[in-house]
Amino acid sequence: MSTLRIYLLGEFRLQQDELALQLPTQKARLLLSYLVTHCDRAHGRAVLAGLLWGEMPEDRALHNLADSLWRIRQIIGPGYLLADRHTLRFNPDADYWLDVNDFVANAPGPKTRAENEEQELGRLRHAVALYRGDFLEGFYDDWCLAERERLRSLYLDALRALAAHHKSRGEYE
């Protein structure tokens, strides 16, 4: 199995090797995005159906959830989604890369190891380069908005840190 690359900063994008993958519906994109950003725990099917199709009766929402899961599996292949009758989760051990995880790992914040200035600058530049736009642009669900604000704040912190570094060295360009 090749690495699935998931881009949630800016416009939603999926890629496997050099091939761009397309999920057919906005709800399928939103479901995969939610699962991968919350892959640390299993989610109840009824809860997910309510989160994405809350305006519908539960049986119809569960049907839409099942349909979206089927569509996602058809596009990304096996091994990424773990499901049983009641719960669903994204497999954290699957071969995938998520731009949000890479961004957060390189954004400013407390680090567990001492770094020299050049390593820190490299991390900050990498984080800024990864930020192609706000988290899940075009999606306005409550959970997206909260995550969008958190990541935008980290991005602004990275820009401030880079600006302060260059200002201190007289590198105004």
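# A small sheet and some salt bridges

Leu81 stands opposite Phe90 in β6. That pair of residues is a handy way into this structure, which is a predicted model: local features need pLDDT of at least 70, side-chain atom pairs count only at pLDDT 80 or more, and totals for chains, interfaces and linings use all residues. Residues are numbered from 1 along each chain as its sequence is written, and side-chain values use heavy atoms, with hydrogens and water left out.

**The sheet around β6**

Let's stay with β6 for a moment. It belongs to an open sheet of three strands, ordered β4-β6-β5, with antiparallel pairing. At the edges you'll find β4 (43-44) and β5 (81-83), and each has a single partner strand, so one side of each is left without a neighbour in the sheet. Two words need pinning down here. Strands (E, at least two residues) and helices (H or I, at least four residues) are DSSP runs, numbered from the N terminus. Two strands pair if DSSP finds at least two bridges between them.

On one side, β5 and β6 pair in the antiparallel sense over three bridges, and a hairpin of three residues links β5 to β6. On the other side, β4 pairs with β6 (residues 87-90), again antiparallel, over two bridges. There, His43 sits opposite Leu88 in β6.

Have a look at which way the β6 side chains point. They alternate along the strand: Leu88 and Phe90 point to one face and are buried, while Thr87 and Arg89 point to the other and are not. Buried here means under 20% relative accessible area, exposed means over 50%, and partly exposed is in between (1.4 Å probe, protein chains only). So Leu88 comes up twice in this picture: it faces His43 across the pairing with β4, and its side chain is buried together with that of Phe90.

**The whole chain**

Now step back. The protein chain has six helices and seven strands, and from the N terminus on its elements run β-β-β-α-β-α-α-β-β-β-α-α-α. Its C-alpha atoms fill a box of roughly 60 × 35 × 30 Å, taken along the principal axes. Of the 173 residues, 42% count as buried.

How much do residues that are distant in sequence contribute to the contacts? Take contacts (heavy atoms within 4.5 Å) with a separation of 6 or more: residues 24 or more positions apart account for 61% of them. As for the surface, the chain exposes about 9700 Å², and carbon and sulfur atoms supply 51% of it. That area comes from the Shrake-Rupley method with a 1.4 Å probe.

**Charges and salt bridges**

Lys and Arg count as positive and Asp and Glu as negative, while His and the chain ends are not counted. The place of a charge is taken as NZ of Lys, CZ of Arg, CG of Asp or CD of Glu. On that basis, the mean positions of the 22 positive and 26 negative charges are 2 Å apart.

Side chains of opposite charge can pair when their charged atoms come close. A salt bridge is a side-chain nitrogen of Lys or Arg within 4 Å of a carboxyl oxygen of Asp or Glu, and by this rule the count comes to eight. Among them are the following.

| Salt bridge | Closest N and O atoms | Helix | Spacing in sequence |
|---|---|---|---|
| Asp67 and Arg71 | 2.8 Å | α3 (residues 58-76) | four residues |
| Arg152 and Glu149 | 2.7 Å | α6 (residues 142-168) | three residues |
| Asp157 and Arg160 | 2.9 Å | α6 | three residues |

The spacing between Asp67 and Arg71 is about one turn of helix α3. Asp67 is partly exposed at 29% relative accessible area, and Arg71 is partly exposed too, at 30%.

Over in α6, Arg152 counts as partly exposed at 25% relative accessibility, and its partner Glu149 is partly exposed at 45%. The other α6 pair is split: Asp157 counts as partly exposed at 32%, whereas Arg160 counts as exposed at 52%. Salt bridges that share partners also join Asp134, Glu149 and Arg152 into one network.

**One more stop on α6**

Helix α6 also holds Lys167. Is Lys167 buried or exposed? At 60% relative accessibility, Lys167 counts as exposed. Lys167 and Gly122 are 45 residues apart in sequence, and their C-alpha atoms are 17 Å apart in space.
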